[in-house]
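What surrounds the ligand in this model, and where does the ligand sit? The paragraphs below take the ligand site and then one residue elsewhere in the chain.

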Amino acid sequence: MGVKADIGIAGLAVMGANLALNFESKGNRVALYNRSEDKLEYFMNSAGKGKNFQATSSIPEFLGMLEHPRKIILLIRSGKPVDDFIRNMEPHLVPGDIIIDAGNSFYRDTQRRAEHLKKRGVEYVGLGISGGEEGAFYGPSLMAGCSEKAWKELEGPLNAIAAKAEGKTCCARVGTDGAGHFVKMIHNGIEYADMQLIAEAYAYMRDGLKMTPDEMSRAFERWNTTPELGSYLIGITANILKKKDADTGNYLVDMILDTAGQKGTGKWTSEAAFDLSVSTPTIAESVFARIVSSLKEERMEAYELLPGCEVKELGRVSRTQELEKLKHALTAAKLCVFAQGFSLITTAAKAFKWEIDPAEVADIWQGGCIIRAAMLTDIAKAYRKDPKLENLLLSPVFRNTLATVNSDWRNIASYCIRSNIAIPALSSTIAYYDSFRTAKLPANMIQALRDYFGSHMFERIDAPRGKMFHAEWFDSATKITSTDYNV
Ligand code: 6PG
């Protein structure tokens, strides 16, 4: 047996292979495991040829290749395959081993696995990785959830492979057990909303402003150079809009069926928001928007059956001015999405005692990851200035931004609503903002209704908070009987 490996990677699909190459390029000896030998052989004879890799399809042999404390990175499908793999490794594990789950695992599963393995003295790390295949190779954004002891072993190698941005490394231990996967899940929830907003802006340009893909591409390119909208997703949107289909010569985007897929992290984010009582409507709307998009046949039938579905003409407008308004609308909406995501992170941090530093999360999202955006620099600053900030929208810098873009944001949304352009995410950001800043909501009516039919009680404006009241609603004047309405 030769020299032992510094790191082990189990799972040689694209992410695993690229991450393995990244680790090796930083001077690590890397042991590789994959169930199928073909994949291993292919890798060792192509990208891995002549490099510092050892490969096997046997778990005991794989573990035997590693230097203690053994660092075992799993890049396998989340859910049952991770449990199965851990079960297969368990007889061969020893105290001090560190298992790093680098997939998009559900944070509750990570907490459960960490708890279970702790009893055996094995460290379990939930590592959120963002950046897709390219990020894994050139430098991803890394969000770790683990003990300080495990972090001491991992900090060096993980920092070395991570992306760098604004002079910082996009890698941090954000908390214990499930914290890393939780933060990655929120990253993905924001990613869903960000993409839905881009798609809605594209709909306004395409159907409202009647722009060609090339024209739209130039607008996105311009926006990508601004501090408000500059971001990876805006940049790749500009590229996508330029691409032609090799078969037809048409723009490729026009040849893609309008049904969006999903693997579930946006849904998990929304579920966590309900569990923790945090309002993240735009993320939830973005999940629903993908669901509606998947009902292609139903939508086509509804288009024929329901009245007036065509997009109404915008009339004579200045395209330059409309694009400026649209940029403002996207800026406000994007800010609301970050506000929703960060509120969920800070609430979860308290609930799970994770001590997540939101400024650090904003830092590590500035490079390598899919939602990297210029706006995150100000978000990091806002949380550094006031680490207890309840909602990003309240930070002075963003209050000013919102004041500037407010009327254009509403203008675009109201045009879209009047013209039949569906904008579930954009309109939900306005509802979120308006609800958040309304000092007197109509929820007193909800309380009255609840108390009326179910004695659920209410608080009064002239009594201390928490003191509950019930009213005798059923006097002869207000009692509703079945004869008062027609069924
Ligand atoms: C990333 C991405 C990555 C993956 C999404 C796609 O950060 O690198 O978020 O994790 O592309 O999970 O998710 P959907 O298939 O649900 O859109």
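A molecule sits in a cavity or pocket if more than half of its atoms lie within 2 Å of the grid points of that cavity or pocket. In this predicted model, the ligand sits in the second largest pocket.

The shell around the ligand is made up of 14 residues, and the closest are Ser130, Lys184, Glu191, Tyr192 and Lys263. Sorted by class, eight residues of this shell are polar, four are charged and two are nonpolar. Among the contributors to the shell, helix α8, which spans residues 179-208, gives the most, with five residues.

Oxygen atoms of the ligand take part in several polar contacts. For tyrosine 192, a polar side-chain atom lies 2.5 Å from an oxygen atom of the ligand. In the side chain of asparagine 188, an N or O atom is 3.0 Å from an oxygen atom of the ligand. With glycine 132 the partner is a polar backbone atom, 3.0 Å from a ligand oxygen. On its own the ligand has 410 Å² of accessible area, and the protein covers 79% of this.

The other residue to follow is glutamate 134. Helix α6, residues 132-138, contains glutamate 134. Is this residue buried or exposed? Glutamate 134 has a relative accessible area of 56%, and because the cut-off for exposed is over 50%, glutamate 134 counts as exposed. Along the chain, glutamate 134 and valine 405 are 271 residues apart, and their C-alpha atoms are separated by 34 Å.

Definitions and conventions:
Residues are numbered from 1 along each chain as its sequence is written. This is a predicted model: local features need pLDDT of at least 70, side-chain atom pairs count only at pLDDT 80 or more; totals for chains, interfaces and linings use all residues. Side-chain values use heavy atoms; hydrogens and water are left out. A residue is near a molecule or strand if one of its heavy atoms lies within 4 Å of it. A polar contact is a pair of N or O atoms within 3.5 Å; within protein, one must be able to donate a hydrogen and the other to accept it, and residues adjacent in sequence count only if both atoms are side-chain atoms. Accessible areas come from the Shrake-Rupley method with a 1.4 Å probe; for residues, only the protein chains shown count as cover. On a 1 Å grid over the protein atoms alone, a cavity is a set of points where a 1.4 Å probe fits but cannot get out, and a pocket is an open set with protein on both sides within 12 Å along at least five of seven lines; lining residues have an atom within 4 Å of a point. Helices (H or I, at least four residues) and strands (E, at least two) are DSSP runs, numbered from the N terminus. Ala, Val, Leu, Ile, Met, Phe, Trp, Tyr, Cys and Pro count as nonpolar, Asp, Glu, Lys and Arg as charged, and the others, Gly among them, as polar. Buried means under 20% relative accessible area, exposed over 50%, partly exposed in between (1.4 Å probe, protein chains only).
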